[in-house]
Amino acid sequence: MERGEQYRNPTEVQMSQLVLPCHTNHRGELSIGQLLKWIDTTACLSAERHAGCPCVTASVDDIYFEHTISVGQVVNIKAKVNRAFNSSMEVGIQVSYEDLCSGKQWNVCKAYATFVAQGKATGKMKLKPLTPQTEEEKMEYSIAAERRRMRLAHTDTLKDLLTHSTMPTERENGDCNNVVPAEKTRVESVELVLPPHANHQGNTFGGQIMAWMENVATIAASRLCHAHPTLKTIEMFHFRGPSQVGDRLLLKAIVNNSFKNSMEVGVCVEAYRQEMEVSRRHINSAFMTFVVLDQEGQPSAIPMVKPEVGDGERRYREASARKKIRLDRKYIISCEQTKVPLSVPWDQSNKVYLSYNNVSALKTLVAKTNWVLAAEIDKVRMYTLEEDKYLSFRIEMTLCIDATQAFFLLSDLRQRHEWDRHYASAELVQQVDEDDTIYHVVSQTVSQENKPQDFVILASRRKPCDEGDPYVVAFRSVMLPTCPPNPEYTRQETMCSGFCIWQETAELTKVSYYNQAAPGYLAYVTTNIAGLSSDFYVTFKACERFLQKNKDEITVGLQNL
């Protein structure tokens with residue numbers, strides 16, 4: 001890069017499209033189906049720029065459409081690869097639009113899509129690693145591993161909620177006189193895949209399939225509300241297999257459930273080659289949420305839907321579960337970290353997303369580049385970072401210990417009182433899964449009410465996803481019904497803290513501790529539950545002695561696993 005030239009991600013692809021009448025619906029607004037085709041094309045070109053070979057769409061995360069776009073306005077789409085795994089990669093997409101007359105711009109949506117590289121002979125091919133350069137790229141690179149983990153757990157999250165919760169069998173506050181049988185909303189349509197619908201390998205563009213799906217879903221939604229609905233959300237979905245030129249795609253849509261101001265439409269896509277062919281390939285299923293806007297742009301009431309007996313009732317219950325999961329996911333993940341309350345209630349439906357938020361918040365802090373060295377004593381270094389109203393700390397040291405040993409020792413809060421004098425006790429309240437644990441922690445610190453402070457803390461740990469990644473142990477406060485506030489203690493909260501552990505050489509490991517404190521908690525900075533104190537050197541030297549003392553014991557335990 002020449003001097004003075006602005007850095008640009010080598011995988012970044014930009015597309016700008018002037019919205020013409022042929023791209024719009026009857027209201028003169030850009031068809032979401034057309035937008036999905038542009039999004040998929042831009043993201044695919046970015047993926048292929050990194051892979052150096054053809055790529056196909058494997059999945060798309062939730063998409064929330066914030067604005068509609070009118071004829072004559074310009075759509076700007078920017079896509080770049082956030083991280084490459086073995087044969088798949090995550091592409092981040094940002095969509096905005098601008099008014100050419102006023103020059104103003106608005107954000108439309110942000111999306112993440114997964115693409116798979118297609119080799120000539122062996123099918124999937126191994127991708128070259130991606131090296132992030134800027135703070136934003138490092139953050140997206142690190143959190144991409146968490147988003148991948150969340151995608152893999154998506155189906156299990158729905159099953160868990162249906163198993164552990166009772167979904168409503170009918171809608172509250174519904175108009176019983178305005179009930180539409182679900183079968184009246186059913187739509188079935190067939191599309192013949194032609195060369196313009198496919199890429200250079202003959203595989204149907206994922207964006208084209210999404211556009212066809214949006215079309216039948218809109219028709220199904222219209223049959224329920226007898227109006228022109230607006231698509232607001234497309235839920236996370238996966239492509240189960242490819243389709244090629246010459247395939248017939250059978251698209252089926254039906255309204256699964258309606259809520260007070262919205263409705264969920266389920267769409268299924270199947271492929272077959274010949275008209276008389278009995279067996280069909282399941283290509284994709286997706287769930288889309290529609291609203292009906294009044295003249296002021298506010299959502300109108302939606303008629304109730306009566307599900308079909310059998311599968312229809314199952315889809316009805318699953319739609320209610322998906323709505324709760326979708327709201328949890330949007331609330332915890334989509335909004336900015338500083339807008340998420342410190343202690344979010346923990347339950348089965350949001351456990352994956354709270355774990356994601358816990359780890360991604362710490363990784364975001366780690367990716368910051370403007371840390372300032374505040375003190376160094378005998379190779380124990382303390383850094384500070386001031387951003388907006390938050391003050392963050394980083395304390396790090398290099399030890400002669402294996403990273404795996406340090407990871408397991410530091411992730412168990414029940415042992416922390418052995419080296420951190422601010423911990424009185426830590427009780428394991430709930431073992432969520434192998435990587436997530438909830439503790440009730442009692443502090444030695446006394447509050448202004450002259451009572452010990454206590455915390456309910458979610459500890460989330462992650463092993464490295466790729467070579468060079470750290471071991472991560474993240475902490476945040478949660479609310480748990482089985483552990484309500486106790487009058488003997490003053491309940492406090494921790495915002496974002498944890499350890500990142502890097503194996504630097506065969507013998508040396510760098511251990512970094514991070515803590516982010518809000519203004520209301522700065523009074524406790526020297527004695528708070530996170531273990532940060534004015535005598536940080538003494539605390540971390542005690543941590544070092546603890547790790548050295550117990551590393552052999554943890555090695556025996558790991559060998560017995």
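What share of the contacts in the protein with a separation of 6 or more comes from residues 24 or more positions apart? The share is 68%. That figure belongs to a predicted model. Its mean pLDDT is 87. Of its residues, 89% reach 70 or more.

Start with the whole protein. There are 561 residues, and 55% of them are buried. The secondary structure consists of 8 helices and 25 strands. The protein exposes about 26,200 Å². Carbon and sulfur atoms supply 50% of that area. One stretch calls for care. Over residues 522-533, pLDDT stays under 50. The model still has 39 contacts beyond four places in sequence for this stretch.

Now go to helix α2, which covers residues 135-152. The helix has 18 residues. From first C-alpha to last, α2 reaches 27 Å. At 1.5 Å a residue, 26 Å would be expected, so the two values are close. Yet α2 has a kink of about 30°. The kink is centred on A144. A144 is itself buried. Other buried residues of α2 include Y141, S142, I143, A145 and M150. Charged names appear in the buried set too, among them E137, E140, E146, R147 and R151.

Move on to strand β21, residues 452-462, where D454 is found. Is D454 buried or exposed? D454 counts as buried because its relative accessibility is 0%, and the cut-off for buried is under 20%. Its side chain makes a polar contact with the side chain of H440, at 2.8 Å. Beyond its neighbours within four places in sequence, D454 is in contact with two runs of residues. One run is H440, V441 and V442. The other is Y489, T490, R491 and Q492.

V456 leads to another site. P485 and V456 are 29 residues apart in sequence. In space, their C-alpha atoms are 9.3 Å apart. P485 lies in the loop between β22 (471-479) and β23 (490-491). With 59% relative accessibility, P485 counts as exposed, because exposed means over 50%.

Next, look at helix α8, residues 536-559, which holds K551. What lies 3.2 Å from a polar atom of the side chain of K551? The backbone oxygen of C400 does. K551 also touches I401, Q405 and L409, leaving out residues up to four places away in sequence.

Finally, check the backbone angles at two loop residues. Most residues other than glycine have a negative phi. H226 has a positive phi of about 50°, although it is not a glycine. D378 also has a positive phi of about 50°, and D378 is not a glycine either. Where does H226 lie? H226 is in the loop between α4 (206-225) and β9 (230-234). D378 sits in the loop between β16 (372-377) and β17 (380-387). H226 has a relative accessible area of 69%, so this residue is exposed. D378 has a relative accessible area of 48%, so this residue is partly exposed.

Methods
Residues numbered from 1 in each chain as written. Predicted model: local features only at pLDDT ≥ 70, side-chain atom pairs only at ≥ 80, totals over all residues. Heavy atoms only, no water. Helix = DSSP H or I, 4+ residues; strand = E, 2+ residues; numbered from the N terminus. Buried < 20%, exposed > 50% of the residue type's maximum accessible area, 1.4 Å probe, protein only. Polar contact = N/O pair within 3.5 Å; in protein donor to acceptor, adjacent residues only side chain to side chain. Contact = heavy atoms within 4.5 Å. pLDDT = per-residue confidence, 0-100. Bend = angle between axes of the 7 residues up to and from the residue. Areas by Shrake-Rupley, 256 points an atom, 1.4 Å probe, with all protein chains shown as cover.
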